[in-house]
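I opened the notebook to record what I looked up here, strand by strand and then inward. The entries follow in the order I made them.

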Amino acid sequence: MVILELVIACLIFALLILMSVQLLATRSFRARALTLASRVRAGRPATDRLDRLPRIVAEHVLRSGFKPGFPSRTINFNQTAELRLKAGQPFRGFAAWQVIGAGQSAFLWEARQVSGSFIGVRVIDAFIDGQGLIEARAMGSIPVTRAASPEVTLAEAYRYLAELPWAPDAIVGNPELRWREISDHRVEAALSTSAGEAAVVFEFDAKGDITGVSAKGRPATDAAGKPVRYDWSGRYGDYTQMGGRRVPATAEVGYVYPTGYEVYFRGRISDYHVSA
């Protein structure tokens with residue numbers, strides 16, 4: 001009986017140790033995300049470059065509620081999303097928060113997989129100081145992946161560009177961006193990185209809202225985990241007034257795989273605000 005009690009006590013002690021280690025690792029991961037977010041928030045404020053934008057882009061920004069002279073520094077929001085981690089897999093639900101630089105090309109996205117009260121995977125996805133980063137941990141503590149390569153840098157630059165409809169202050173205020181009008185309803189946004197140039201094409205509807213984005217050869221990984229380049233496109237919708245700006249509340253994006261186009265992300269934003 002004494003031996004059984006001793007074994008149970010040892011198991012409980014070991015469990016408490018494991019729980020403590022997991023809690024510390026989770027807090028460390030969270031602290032890392034907050035540190036990266038603070039670096040985005042410490043970036044330069046937006047500059048008013050409205051007169052340098054193609055006409056349709058400038059009109060879109062003004063309709064969004066951007067006010068010339070406002071010293072915006074970051075765009076912040078929460079997000080509910082569904083994500084496929086690999087092509088063909090079922091969607092998984094995530095809750096996330098994001099901060100985007102208005103005067104510089106930078107963002108931080110921290111997400112957690114949610115299933116009831118269980119948190120499965122935590123993810124950091126970032127583009128800061130010209131470098132891309134992806135980290136994932138199971139249950140917030142067990143390392144799953146960490147990637148910070150030139151391909152990741154370029155992929156994250158594409159993501160920054162594609163999410164500009166959520167950041168009209170960055171459209172007008174980030175001097176690193178280059179804009180080129182292609183047609184009456186199509187405009188290219190480009191960004192140079194240490195890994196090459198990222199460029200996306202935005203599509204505008206008859207009202208002047210950005211409703212689509214596309215890109216050629218965005219970095220990705222194939223079914224075997226090898227780096228490849230796939231064409232990429234997405235849609236925006238449900239334009240809504242929030243936090244002083246009129247922005248699309250919903251978006252989805254997907255790759256053109258060898259088997260055809262497949263959406264791998266779809267999300268809705270909330271609690272939107274612009275910070276000086």
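I began at the β8–β9 hairpin, where 2 residues join the strands. This is a predicted model, so I read every value below as computed. β8 and β9 pair antiparallel, and I find 8 bridges between them. I checked Thr193 and found its bridge partner, Gly196, in β9.

I followed β9 onward to β10. These two strands also run antiparallel, joined by 4 bridges. Phe204 stands opposite Ile210 in β10. The hairpin of β9 and β10 has 5 residues between its strands. I looked up the turn and noted Gly208, with a positive phi of about 95°.

Next I took β13, residues 260-275. Which strands pair with β13? Strand β1 (residues 74-83) does, antiparallel, through 9 bridges. Strand β12 (residues 245-257) does too, antiparallel, through 8 bridges. On the β1 side, I noted Thr80 with Arg268 of β13 as its bridge partner. On the β12 side, Tyr257 stands opposite Gly260. β12 and β13 form a hairpin, and 2 residues lie between them.

Then I turned to helix α2, residues 55-63. Which of its residues are buried? I list Ile56, Val57, Ala58, His60 and Val61. What do they pack against? I find one helix, α4 (168-173), and the strands β7 (178-183), β8 (186-193), β9 (196-204), β10 (210-221) and β11 (227-242). Just after α2, I noted Gly65, which takes a positive phi of about 105°.

The core came next. The largest nonpolar core holds 64 residues. Which members touch the most others? I wrote down Leu53, Leu164, Trp179, Val200, Phe202 and Trp232. A separate core has 13 residues, including Val99, Leu108, Ala126 and Ile128.

I picked Trp179 for a contact list, leaving aside neighbours within four places in sequence. Trp179 is in contact with Leu53, Pro54, Val57, Leu164, Ile171, Val187, Glu188, Ala189 and Phe202. Val57 is one of the buried residues of α2. Leu53, Leu164 and Phe202 are also on the list of members that touch the most others.

I also looked for positive phi outside glycine. Asp129 has a phi of about 55°. Asp129 lies in the loop between β4 (118-128) and β5 (131-138). Is Asp129 buried or exposed? Its relative accessibility is 57%, so Asp129 counts as exposed. Asp238 also has a positive phi, near 55°. Asp238 is found in strand β11. I read 39% relative accessibility for Asp238, so this residue counts as partly exposed.

Last, I looked at open space. The largest pocket has a volume of about 1,500 Å³. How many residues line the largest pocket? I note 47, with Arg84, Leu85, Ile134, Thr221 and Tyr264 nearest its centre. Where does the lining come from? β4, β5, β6 (142-147), α3 (150-162), β10, β11, β12 and β13 each supply at least two residues. I sorted the lining by type: 29 nonpolar, 7 polar and 11 charged.

Notes
Residues are numbered from 1 along each chain as its sequence is written. This is a predicted model: local features need pLDDT of at least 70, side-chain atom pairs count only at pLDDT 80 or more; totals for chains, interfaces and linings use all residues. Side-chain values use heavy atoms; hydrogens and water are left out. Buried means under 20% relative accessible area, exposed over 50%, partly exposed in between (1.4 Å probe, protein chains only). Contact means heavy atoms within 4.5 Å. A nonpolar core is a set of buried Ala, Val, Leu, Ile, Met, Phe, Trp, Tyr and Cys residues joined through side-chain atoms within 4.5 Å. Two strands pair if DSSP finds at least two bridges between them. On a 1 Å grid over the protein atoms alone, a cavity is a set of points where a 1.4 Å probe fits but cannot get out, and a pocket is an open set with protein on both sides within 12 Å along at least five of seven lines; lining residues have an atom within 4 Å of a point. Grid points are joined across faces, edges and corners, and a volume is the space filled by probe spheres set on the points. Ala, Val, Leu, Ile, Met, Phe, Trp, Tyr, Cys and Pro count as nonpolar, Asp, Glu, Lys and Arg as charged, and the others, Gly among them, as polar.
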